[in-house]
Amino acid sequence: MSISPAVEQPQRSCLYAGRVMHARFRPVRHRFVYRVFSILLDIDELPDLGRRLRLFSHNRRNLFSFQDCDHGPKDGTALRPWIERELRRAGIDIAGGSVRLLCFPRILGYVFNPLSVWFCHHADGRLAAVLYEVRNTFGEAHNYLFAVDRARDPAQPLRHGCRKEFHVSPFIGMAARYRFRVHEPSDRLRLVIRQDVAEGENLVATHSGTRTPLNDRRLLGLFLTYPLMTAKVIAAIHWEAARLWLKGARYHARPKPPNHATTVTQTPAPEPAE
């Protein structure tokens, strides 16, 4: 009696090479574009990725790495129990379905993620929820969690929105609303965030990219193409803030962060103007 070898499952984690764009329209106009690359990680694959790849490690230093303490509860504990608790508090049970996290990896031990996106799926593969994990440069973080309608067409982009609950830029006040438009990651990455104030739309941010395999050869190529990218992210944030100040943008004092870690909403966003 022979035993057939186990069939190796295709890797769900990957990389996206692309760019980030920010455009402000009021009270001053300002725009910038930066080339970046992101990593989309199936959190259940992390231990295997750390063993299989030479240039990527999980919870250990390497050229590229992912540290559990950078996300979720930020205390170094496992991420799946945390995201499942956050989902259950919103009345969502994914029954062990896959969870994929879009973020910047650590490069030579350093990372700053202004925005990380969690794509949470039901056991049958349908998208159940999206969680946006937002950080500011003051060491604070907040999450926006949106449930996904079971009847939605997976080929169509997700559209959702909410009131701004968390201070990010010192040049934008808190009286604002967000509108999100995101496609489920596939061969292309497409994410658009619009912010509205009383006078109208004042900010559009986009993150786009093209899928590429997550392997050592590609990681080395990206390191050579985007050297010290994660250090440049935080440097660029402060450089663009200085340019805004020189243009006369009004400074807004930092309020206290919300007393809850996650804002949950199921209210659909209005259709964004294209």
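**Close-up views of the predicted model**

**View A. T262 in strand 14.** T262 sits in strand 14. The model shown is predicted. T262 counts as buried because its relative accessibility is 14%, under the 20% cut-off. Strand 14 spans residues 262–265 and is an edge strand of its sheet, pairing on one side only.

**View B. Side-chain partners of T262.** Two polar contacts of the T262 side chain are shown. One joins T262 to the side chain of E86, at 2.7 Å. The other joins T262 to the side chain of N143, at 3.1 Å. Leaving aside residues up to four places away in sequence, T262 touches E86, L131, H142, N143 and L145.

**View C. Strands 7 and 8.** Strand 7 (residues 115–121) and strand 8 (residues 127–135) run antiparallel, joined by 7 bridges. W118 stands opposite L131 of strand 8. L131 is also among the residues that T262 touches.

**View D. The open sheet.** The sheet is open and has 11 strands, with mixed pairing. Their order is 10-11-12-13-1-2-5-7-8-9-14. At the edges lie strand 10 (158–163) and strand 14 (262–265). On average, neighbouring strands are turned by 20° against each other, direction ignored.

**View E. Helices 3 and 4 across the strands.** Helix 3 (residues 216–225) lies across strand 1 (14–24), strand 2 (30–42) and strand 13 (200–212). Helix 3 runs at about 30° to strand 1. Helix 4 (residues 229–246) lies across strand 1 and strand 2. The angle of helix 4 to strand 2 is about 150°.

Key
Residues numbered from 1 in each chain as written. Predicted model: local features only at pLDDT ≥ 70, side-chain atom pairs only at ≥ 80, totals over all residues. Heavy atoms only, no water. Pairing = 2+ DSSP bridges. Helix = DSSP H or I, 4+ residues; strand = E, 2+ residues; numbered from the N terminus. Axes fitted to C-alpha atoms, helices over the stretch in contact; angles between N-to-C directions. Contact = heavy atoms within 4.5 Å. Buried < 20%, exposed > 50% of the residue type's maximum accessible area, 1.4 Å probe, protein only. Polar contact = N/O pair within 3.5 Å; in protein donor to acceptor, adjacent residues only side chain to side chain.
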